[in-house]
Amino acid sequence: MQRIVTIVSLVLAGSLIGCKVAQAEQHQAAKAARMEQFNQQKFGMFIHWGLYSLPAGEWKGKTNYAEWIMLQADIPVKEYEAFAARFNPVAFDAKAWVSLAKAAGMNYLVVTAKHHDGFCMYDSKYTDYDIVDATPFKRDPLRELAIECVKQDIQFCVYYSVVDWHHPEFPQKYSQIRKEYPTGYHGVSNPHANLDVYAKYMKDQVEELLTNYGEVGILWFDGGGSFRNYDRKKLLDGQNLVDMIHRLQPSCLINNRLGFGADYGTPEQQIPEGTLNTAFEVCMTLNKHWGYNKNDRDWKDARTIVQNLVDVASKGGNYLLNVGPTAEGILPDESANILKEVGQWLKINGESIYGSESGPSQANIRLKVEGCMTQKPGKLYLHVFSWPENQIIFMEGMKGKRVKKIYLLANPTKTSLKFDAHERSLFIHIPQTAPSQYDSVIVVELDKSEPLEENTEEPLVMG
Ligand code: GLC
């Protein structure tokens, strides 16, 4: 009998391990394909929308707040909760938002399911502190967005905050920000808070997000850094959480802000100096705030956004650009106009961005004008930010004989530009007028049979 039990349990354990291995393999294959798709997508829309959109960045005469207003303005929890009764975004139109992302040339959308304030912008069965149960609006905007994303072929992704200033079992003691806000998130912090209970809540909510909203491209966690001095995997039941995500949606990516299970990095508000040794996505605001701030008119212009996108792509990354809708559910006109302009540029020049790889190392090949490079097999894209008056683009370090043809991407006939190749220098003769005020793209078609980069220790110095 004892033997039978042992054999049965061995067989069971074996099949469990087999199952885990199969699941891990399935995830690896799905992830490889998804990473390729992620690189193809390159440009996404970040949406910060929640109860904080209602005060619109202003509290008791101070105007520099946004999604952190509950904490930064020290709003008593009851007063903050009361925003819910007034939150009625009747102008919300999922179709309009997704259409705008589409018009901007974006391929995915990451929307706040729950930010640090703990208010859920979707219908969660694990709390009543959500948009369906607690507001007069009663609709689930995440569901509407998810459906619309499928219709318009935009990938739907969700932001989920690990930090929760509202949940009574989110213990303040693990948070780095408690130093800045010593009285606690809630005004009254719970000294007996049990993180296990909170970890279960988080896992349950992630499960419903991955179950009720179709395919989710990314779980964009935030705030896991609060736990950075602790073993986050242990504290947050991390392995189980990640295993569950991989099981429910093997191709769903996890960003690096949970603190484990990361598929890619998320530099915030800045573009790295060069390529990184991981896949990455730069997230950035369109003005100075993530959530809606009615006083913030400090918009980046379309030129800046295009050049940022290109700069990020030239380093191999994605660009996730934020919009902050109003409490009525409207995307501010300014953001919409900028995004549409960027989309116009992408319509003509998208080939040089979507699915491109980082440009060749500038240590070997140097583009001697303000700009940068991206590439695809057999093609090098020169992104020229300021068009030289002498009508010559000069490059160093290229094997000139490799060049087959050079043309402006904006020119539908792909008419060849004249060029001279001397050893490792390339001179391209360009027309007087730049095709774009933001970034004019020149395509250098190459003979694929030879390596692109000169393997030279000493760069050629032109006299
Ligand atoms: C920071 C902010 C947070 C915002 C996020 C977006 O972590 O604290 O409010 O959502 O950046 O990257």
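Reader: Hi! How many Å is an oxygen atom of the ligand from an N or O atom in the side chain of Glu 67?

Author: Happy to help: the gap is 2.5 Å, within the 3.5 Å between N or O atoms that makes a polar contact. This is a predicted model, where local features need pLDDT of at least 70 and side-chain atom pairs count only at pLDDT 80 or more, while totals for chains, interfaces and linings use all residues. Residues are numbered from 1 along each chain as its sequence is written, and side-chain values use heavy atoms, leaving out hydrogens and water.

Reader: Cool, and what about the side chains of Trp 68 and Tyr 159?

Author: A ligand oxygen is 2.8 Å from an N or O atom in the side chain of Trp 68, and for the side chain of Tyr 159 the distance is 3.5 Å.

Reader: How much of the ligand's accessible area does the protein cover?

Author: Of the 310 Å² that the ligand has on its own, 89% is covered (Shrake-Rupley method, 1.4 Å probe).

Reader: New topic: how many aromatic pairs are there?

Author: The structure has 22, counting Phe, Tyr and Trp (its six-membered ring) rings with centres within 6.5 Å. Among them, Phe 38 and Tyr 108 are tilted, 6.0 Å centre to centre with 50° between the planes; under 30 degrees counts as stacked and over 60 as edge-to-face.

Conventions: Polar contact = N/O pair within 3.5 Å; in protein donor to acceptor, adjacent residues only side chain to side chain.
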